[in-house]
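Got the viewer open? Then let's take a walk through this chain, one selection at a time.

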Amino acid sequence: MSVLLELKRLVERPYHRHSRVLSVGGWVERVDNVGGLYLLQILTDSPLSPEPPQFGMVWVPGMEAVPMTLIPAGEDRVAILVRPVGSTTNALAAMRPGKRLMLIGPSGKGLRLRPGTAVVAGGSATTVALAYAASGYRGPYLVATRRASEALALRRLFPSSNEVVTACEDSGCDFLGTAVDAIREGAVDAGAYLIAGPKPMLRGAYTVLRERGVLETSYAVVEVEVRCGTGACGLCRVPGTPYLLCVDGPALPLTDLAAYLGVS
Ligand code: FES
């Protein structure tokens, strides 16, 4: 059975459905190129009302669904930030206003951050920081990318009132180095952190935050394979934890992630 048929079957069975997860269609309203990424503003048939860092399964009719962080964009609207790296994300990046796509979400739980929590986002997870900024959270933020052009383009999407530090592996950002280097060097200093990025980044952050004594107040946004996004298939269990990503995540307490991250 194709993934799309499986998704359709799952959302049509209410007893398998996460109570707040909806399957909706959407119309692309606007597409902006953001340093080689594509920001799609989408008008949805019904409000999804995501709370960061919730995500949705997004697909172009006829293609596979992919999980994407949902950026709140007002009533009946969400935005997604697309990095074109595969068939579905290439198709999403090529969409133009007026085109139709489908979404299932919001999956997972929202996480309200206590004031002063630093949001550190790297790689494709920089969308998590944008989702918090769009929901009104002021930061501080650390946006880490390989190339300065991408980080600087992303920073322009934040409201001017947000405190945003950029870190890159080439010159042009506020900090030269990785997200973990930036945390270690105190580029963003906080009593609690939300870390979003690839697993090696989470692992490095875990070690640094433990040394600084702020592990217990910090969370990580985890990425594992997701299929249904509804809590039905069980595929998204986070190894070494009792959590299903699409139900309990994607933000999980860092103290519960030692086994998953392979740190002792
Ligand atoms: S992706 Fe199916 S349970 Fe989470």
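Here is a tour that starts with the whole chain and ends at a single residue.

**Whole chain.** Keep in mind as you look around that this is a predicted model. Show the cartoon first: the chain has 8 helices and 14 strands. Its radius of gyration is 18 Å, close to the 18 Å from the globule rule for 264 residues, so the chain is as compact as a globular protein of that length. Turn the C-alpha trace along its principal axes and you'll find spans of about 50 × 40 × 30 Å. Colour by burial and 48% of the 264 residues come up as buried. If you draw the contacts with a separation of 6 or more, 61% of them join residues 24 or more positions apart.

**Two domains.** Now colour 3-107 and 118-261 separately; the domain assignment calls these domain 1 and domain 2. Their centres, taken over C-alpha atoms, are 21 Å apart. Select the contact between them, and you pick up 30 residues from domain 1 and 26 from domain 2. On the domain 1 side, helix 1 (3-11), strand 3 (55-59), strand 4 (66-69), strand 5 (71-72) and strand 7 each bring at least two residues. Which of these gives the most to that side? Helix 1 does, with 5 residues. By residue type, the side of domain 1 that touches domain 2 splits into 18 nonpolar, 8 polar and 4 charged.

**Helix 4.** Next, select residues 148-155, which make up helix 4, and show the side chains of its buried residues: Glu150, Ala151 and Leu154. Look down the helix axis: these buried residues fall within an arc of 95°, so they line one face of helix 4. The general reason is that an α-helix has 3.6 residues a turn, so residues three or four places apart point the same way. Then bring in what covers the buried residues of helix 4, including strand 1 (22-34), strand 2 (37-44), helix 3 (126-134), strand 9 (141-145) and strand 10 (164-168).

**Gly105.** Last stop: strand 7 (residues 100-107), where you'll find Gly105. Is Gly105 buried or exposed? Gly105 counts as buried because it has 28 C-beta neighbours inside 10 Å, and the cut-off for buried is 20 or more. Beyond its neighbours within four places in sequence, Gly105 is in contact with Val21, Leu48, Pro50, Gln54, Phe55, Gly56, Met57, Leu70 and Gly229. To finish, draw a C-alpha to C-alpha distance from Gly105 to Leu81: the two are 24 residues apart in sequence and 16 Å apart in space.

How values were computed. Residues numbered from 1 in each chain as written. Predicted model: local features only at pLDDT ≥ 70, side-chain atom pairs only at ≥ 80, totals over all residues. Helix = DSSP H or I, 4+ residues; strand = E, 2+ residues; numbered from the N terminus. Buried ≥ 20, exposed ≤ 12 C-beta atoms within 10 Å, placed from the backbone. Contact = placed C-beta atoms within 7 Å. Rg over C-alpha atoms; globule rule 2.2 N^0.38 Å. Domains from an automatic or database assignment. Nonpolar A, V, L, I, M, F, W, Y, C, P; charged D, E, K, R; others polar. Arc of directions from axis to C-beta.
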